[in-house]
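Welcome, and please open your viewer. We will go from stop to stop, and at each one you will hear what to select and what is there.

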Amino acid sequence: MADQIPPSENRAFVFVVAGTALMGFAAIGLSVVMNTPLGPQFTADINAVLIGIIATTPLAAFLWWFSNTTLEHFASFRKSQIKFFAEIGFAFTPGRIAAMAVAAGVSEELLFRGVLQTWGAQHGPEILAIIITNIVFGMMHMRTALYAVIAGLVGFYLGVLYMLTDNLLAPIAAHTLYDAIALEYTRRAVSHYDLETGAER
């Protein structure tokens, strides 16, 4: 069939999602070792989810600004991001966007907010735990220095959100929704990107 998805494309997608999901399993293991049980950090509260959704607003506003700014460093970084995702090895479909957003939103929040931030807060000031945790979070995203800084600031925002709500559902909801919005923006940008010339069509 002409519209059949190439096996290599499926493999690339599974590799990305599986790698992200492994972070979540690592978080579960670390939570035992570091005495930061994850279960008590969740409360079945729809308000926490709603707060997380609302908290996505400033992140989405930043994404809108980032996608439209002509400031040299940001515009250059935006082009490099589009190129990176255009060459990632698979097309962005709604299902794949949802899977990647959920995998990152859950796994990264379990590890960075649920384990590392919580462990740090057990051994010192919580604001210091948030700062140190998100230095690590930024470094984990260091494709470029600017990307690391942006990721670290987003992580700090999510860390404060967790501190204020005391419920992992809030940062998980915000992180997942933001990633879904960002990946949809990326899908649209990539659809106008010419791999041969490196220019927008």
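Start by selecting helix H2, which covers residues 46-68. Within helix H2, pick out Phe62 and Phe66: they sit 4 residues apart, about one turn of the helix. Keep in mind on this tour that you are looking at a predicted model.

How many aromatic pairs does a search of the whole structure find? The count is 10. Phe62 and Phe66 form an aromatic pair of the stacked kind, with 6.3 Å from centre to centre and 20° between the planes. The angle matters for that label, because planes under 30 degrees apart count as stacked.

Now show the surface around these two side chains. Phe66 has a relative accessible area of 8%, so it is buried, as the cut-off is under 20%. Phe62 comes out at 29% relative accessibility and therefore counts as partly exposed.

Next, select Phe84 and Phe85 for another aromatic pair. Is this pair stacked or edge-to-face? Phe84 and Phe85 are edge-to-face, with 85° between the planes and 5.1 Å from centre to centre. Phe84 is partly exposed, its relative accessible area being 34%, whereas Phe85 is buried at 16%.

Go back to Phe62 and Phe66 and add Trp65, Phe74, Phe77 and Tyr147 to the selection. Together, these residues form one aromatic cluster.

For the next stop, select helix H6, residues 145-165, and find Gly152 in it. Is Gly152 buried or exposed? Gly152 is buried, with a relative accessible area of 12%. Which residues does Gly152 touch, leaving out those up to four places away in sequence? Asn134 and Gly138 are the ones to display. If you like using the distance tool, try Gly152 and Arg187, which are 35 residues apart along the chain. Their C-alpha atoms are separated by 23 Å.

Then move to helix H1, residues 7-33, where you will find Glu9. Glu9 carries a charged side chain of the negative kind, yet it counts as buried, at 17% relative accessibility. To see what surrounds Glu9, display Gly89, Phe90, Ala91 and Arg96. Glu9 touches these four when residues up to four places away in sequence are not counted.

Now zoom out and colour the whole protein by secondary structure. There are 7 helices and 2 strands. What pattern do they follow along the sequence? The order is α-α-α-α-α-α-α-β-β, with the helices preceding the strands.

With everything in view, turn the model around. The C-alpha atoms fill a box of roughly 50 × 40 × 30 Å, taken along the principal axes. The protein has a radius of gyration of 18 Å, which agrees with a compact globule, because a globule of 201 residues would have one near 17 Å. Buried residues make up 41% of the 201 residues. Among contacts with a separation of 6 or more, 75% come from residues 24 or more positions apart.

Finish with the surface and the charges. The protein exposes about 11000 Å², and carbon and sulfur atoms supply 70% of that area. Colour the charged side chains last: 10 are positive and 14 are negative. How far apart are the centres of the two sets? They lie 7 Å apart.

Conventions: Residues are numbered from 1 along each chain as its sequence is written. This is a predicted model: local features need pLDDT of at least 70, side-chain atom pairs count only at pLDDT 80 or more; totals for chains, interfaces and linings use all residues. Side-chain values use heavy atoms; hydrogens and water are left out. The radius of gyration is taken over C-alpha atoms; the globule rule is 2.2 Å times the number of residues to the power 0.38. Buried means under 20% relative accessible area, exposed over 50%, partly exposed in between (1.4 Å probe, protein chains only). Contact means heavy atoms within 4.5 Å. Accessible areas come from the Shrake-Rupley method with a 1.4 Å probe; for residues, only the protein chains shown count as cover. The place of a charge is taken as NZ of Lys, CZ of Arg, CG of Asp or CD of Glu. Rings of Phe, Tyr and Trp (its six-membered ring) pair if their centres lie within 6.5 Å; planes under 30 degrees apart count as stacked, over 60 as edge-to-face and the rest as tilted.
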